[in-house]
Amino acid sequence: MTGMTDEKDRLEGLSGNKESLVIKPAIAAGLVTVIVILLALLAQEYLWRYALEQEVDDRFAEMDRNAFLLGARVRGRANDMFFLKRVAEAALVRDPHSPVASDNFRTAVTTMLLARSQYDRIRLLDLSGHEMFRYNWKEADQPLEEVSADKLQDKSTRPFYRETLNSTPDTVIFSPLDLDIDYNQIVTPIKPTLRVSGQIVGPDGKVKALLVLNYMGDQLLREIQMSKGQSRQMMLLNEDGYWLAGPDERSEWAFMYPERANESLRVQDPGMWSKITAGKVGWFDQNGNLICFQAIDPVGTPTDYPPLRMPIKGANGLRWILLTRVPNAVVWDNVREIDLGIWLTCIAGVLTLAPLTWFGLSSILRRRQAMAELRRLTYEAQAANRAKSEFLAVMSHEIRTPMNGVVGMTSILSDTKLDELQHDCVNTINTSGESLLAVINDILDFSKIESGRMQMENRAFDLRQVVEEALDLFAAQIRVRRLEAVYLIDQEIPGHLIGDSTRLRQVLVNLIGNAIKFTARGEIAINVKCLGKDENGYRLQFSVRDTGIGIPKESLQKLFQAFQQVDASTTRRYGGTGLGLVISKRLAEFMGGTMWVESRPGAGSTFFFTVVLKASPEPVAKDTTLEPGLLNGHTALIVDDNETNLNILDIQLKIWGMQPTAVSSGREALEKLNGQSFDVGLIDLQMPEMDGIMLAREIHVRKAVPLVLLSSSGEALTGGDAMQFQFQIPKPIKHSHLLNALLKITGTERRLPPVVIEKKFDDTLGRRNPLRILLAEDNGVNQKVGLLMLSRFGYSASLAANGQLVLDAIEKATFDLVLMDIQMPDLNGIEAARILRERLGSRCPTIIALTAEALEGDRERFLGLGFDGYLSKPLQAKALQEVLEAVKPLEEESELAP
């Protein structure tokens, strides 16, 4: 009986164990399921947060870039306003009834509108708000329209009138962006407009008129690169919550229409508006969308835009809000795109130990967050670098466009019939323009210099000409300051060398300019010595010495550091960027040398630099100024109170074989004449006790000596005084001018080879290589330059003011060559060239990019876009001739018989 009971208990126990075996796995499976769900939810939340932060970072980086570009575009208009203000104040206010003054102002306005096609209107208002005159920008066939007096309007009810009238005379006002209104009607199709205005002040300090520029705001709106209808959308609000660039076109510009006054975000969604206005920048989730916002001041402060150090402000606290909207679904797409490694980690966590898995997952996510932060910082650095490059490109284009007129017209003028003085003036203008372009290029390419990627040219040049051209640029300043400027070149140095003359001249220009800036009285002396010769060429040492204020010893180390000044205070007497000497030293190093300075306070400074240059085997032209013995046996009397000038003239005349006698006063000169005769006398005009005119009279009383007057006044003598001298040579003295005078006086003029003026334009080219040319250019000045230069080569060209007109012209006629400007309204040059190639194929004419974009890599970029060649502005005659010679006419298609 007992055995039976024990067996029963054993069977019941087994049954209980079976039940336990079933329940425990079920509980374990449930726990695992709960853990899996929790892990999946936590992983999903973690990944969502990560993707969200990444999206926010990307949106803010994009907004920062657009905020910078908007601000740069807006603030850049202050330069144009200040230019026209000064012209108006000079031309109109001093004599408002003068027709000449009015014509001068209209000419300046016309030039501005032609050069700045982004302006829609320029108007001048009287103090009552009525228009005194107005220019409208019209279509390309008639780009400018001066509104007749009977159509001028009263603008006293417009806000920009009151804002400008209540401002200060030296302030530029930026009015809110709105729609253009003409004759009390909104212009259609609508034209977003930003008004830039300022007061015109008379000599008495009173306001005489108001100047208003209409800047076409559609260019600003394009800057934010709207992508309507796509997943990521950037929009723009004004300070009152109205859409300037909204989610759809119907929502925009509601504040301009009274019946739509309530269609603002502030009224329609006050909760969202309160979040946006709670801070300057932020983000939040709204109705399944990620909203990022940033408030921007498009005017900012002058320090935000270094070229402007002037009062500028936005009317009524001008403030815009950039806003982006990204659907949450787009963020989830980013979550799904996160790499497989994170998802595998989540699965591993379910299958293994949860704490260890979460530790690994957290480590990976932290690493990904660090990588995201690194990407964000990298993006911001790239965005800043792009912004800098875009700014430099804009500045290069804005500067090169007017320079095209200066350099182009000068080259055309130099090819006409001019006398010697006129040729000298034109050559100086041309040299000045080229030097300015060289300086512009170096400043814009400072980063290229820093990286050591500067490309130096190697071509033959005249060393003496480079030195004289550098001095020519400062001749007027030297005369105004009554300084002496002299130069001497070692006789051992060949007259013609191989190297980069533009860079060498730029270094000299910078050093001479600094010497003049810091020298109130005394002299500036340039000396070029030969330190030796080896297989690399001649090692030359240039020195530029002045008698100025000098430099303290403790400040010498600052001179060759970028953006450093000896006196860096805002009240310093001498301005400058602090880049000139840095660039000059780097250029000297690129030419195989270096630069240093010796100076003592109160005793002046001497800047030295060395270069290595090879002699040119084939001189560019015969240079007789370096040939010894040209004037053997002739005697000369030199009279000059400046010791340096006296010594250099003495050395130079001895090189030419003369026997000079140098004295420092008129009294000494008369004593020499008592016992000695001279073939020629060189007399300085400005001398103490007895000046050059008085001395000449005394000399002619005693002996008949031909005299040459050396003058630093810049004005030639006339009347009886001029009859005392056979030649008058201005200082700084050009050795070639002095030699010409001496050769004529001594009767050896026949030894001087005739001056050959190189023709810049070959007028036979049009006959030798006939071409049908289309010039595509929207700028009026550049149109004139291009057509005139082509005419000098014997070509007549057709004209198109934008890309669409290019396409229309080529549909009507056949052209062999299209000179295509890049930045044109309606249809730019790049798009026009692309369309032409698609339409015409092998029958497409040669297309040459004609552009002011001349930074490093621009040439390669345009060739990569399919252009057949590249010409940078200012347009150079030689470069244009090379293009014209290389183009071959399209073969005429033979007509097939039906």
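Two strands are taken to pair if DSSP finds at least two bridges between them. Strand β28 (residues 773–776) and strand β29 (residues 797–800) meet this condition, pairing in the parallel sense over four bridges. The model described here is predicted.

**Overall figures**

The protein has 898 residues, of which 49% count as buried. Its secondary structure comes to 27 helices and 32 strands. Taking contacts between residues at least 6 apart in sequence, 68% join residues at least 24 apart. The exposed surface of the protein is about 44200 Å², and carbon and sulfur atoms supply 54% of that area.

**Strand β28 and its partners**

In the pairing of β28 with β29, A776 stands opposite A800. Between these two strands the chain passes through helix α23 (residues 780–792), and the resulting β-α-β crossover is right-handed. β28 also pairs with strand β30 (residues 817–821), in the parallel sense and over four bridges. There, I773 stands opposite L817.

Are the residues on the two faces of β28 buried or exposed? I773 and L775 on one side are buried, as are L774 and A776 on the other, so both faces of the strand are covered; buried here means under 20% relative accessible area.

**The parallel sheet**

An open sheet of five strands has the order β24-β23-β25-β26-β27, with parallel pairing. Its edge strands are β24 (659–663) and β27 (727–730), each of which pairs on one side only. From one strand to the next, the twist averages 20°. Within the sheet, strand β23 (residues 635–639) and strand β25 (residues 680–684) pair over four bridges in the parallel sense. V680 in β25 is the bridge partner of A636. Helix α21 (residues 735–746) packs on this sheet and touches β25, β26 (707–711) and β27. The direction of α21 makes about 170° with that of β27.

**The antiparallel sheet**

Another open sheet of five strands follows the order β11-β10-β15-β13-β12, and its pairing is antiparallel. β11 (243–245) and β12 (281–286) each have a single partner strand and stand at the edges, so one side of each lacks a neighbour in the sheet. Neighbouring strands are turned against each other by 30° on average, direction ignored. β12 runs antiparallel to strand β13 (residues 289–296), and six bridges join them. One of the bridge pairs sets V281 against Q294 in β13. Helix α7 (residues 270–277) lies across β10 (233–238), β12, β13 and β15 (320–327), and runs at about 155° to β12.

The strand pairs with a stated bridge count are listed below.

| Strand pair | Sense | Bridges |
|---|---|---|
| β28 and β29 | parallel | four bridges |
| β28 and β30 | parallel | four bridges |
| β23 and β25 | parallel | four bridges |
| β12 and β13 | antiparallel | six bridges |

**A helix pair**

Helix α15 (residues 501–517) packs with helix α16 (residues 580–590) at an angle of about 145°, and their axes are 10 Å apart. The crossing of α15 past α16 is left-handed. Which residues meet between these helices? From α15 come R503, Q506, V507, N510, L511 and N514, and from α16 come G580, L581, I583, S584 and L587.

Notes:
Residues are numbered from 1 along each chain as its sequence is written. This is a predicted model: local features need pLDDT of at least 70, side-chain atom pairs count only at pLDDT 80 or more; totals for chains, interfaces and linings use all residues. Side-chain values use heavy atoms; hydrogens and water are left out. Buried means under 20% relative accessible area, exposed over 50%, partly exposed in between (1.4 Å probe, protein chains only). A crossover is right-handed if, with the strands pointing away from the viewer, the path from the first strand over the helix to the second runs clockwise. Contact means heavy atoms within 4.5 Å. Accessible areas come from the Shrake-Rupley method with a 1.4 Å probe; for residues, only the protein chains shown count as cover. Axes are lines fitted to C-alpha atoms, for helices over the stretch in contact, and angles run from 0 to 180 degrees between N-to-C directions. A crossing is left-handed if the near helix is turned anticlockwise from the far one by less than a right angle, and right-handed if clockwise.
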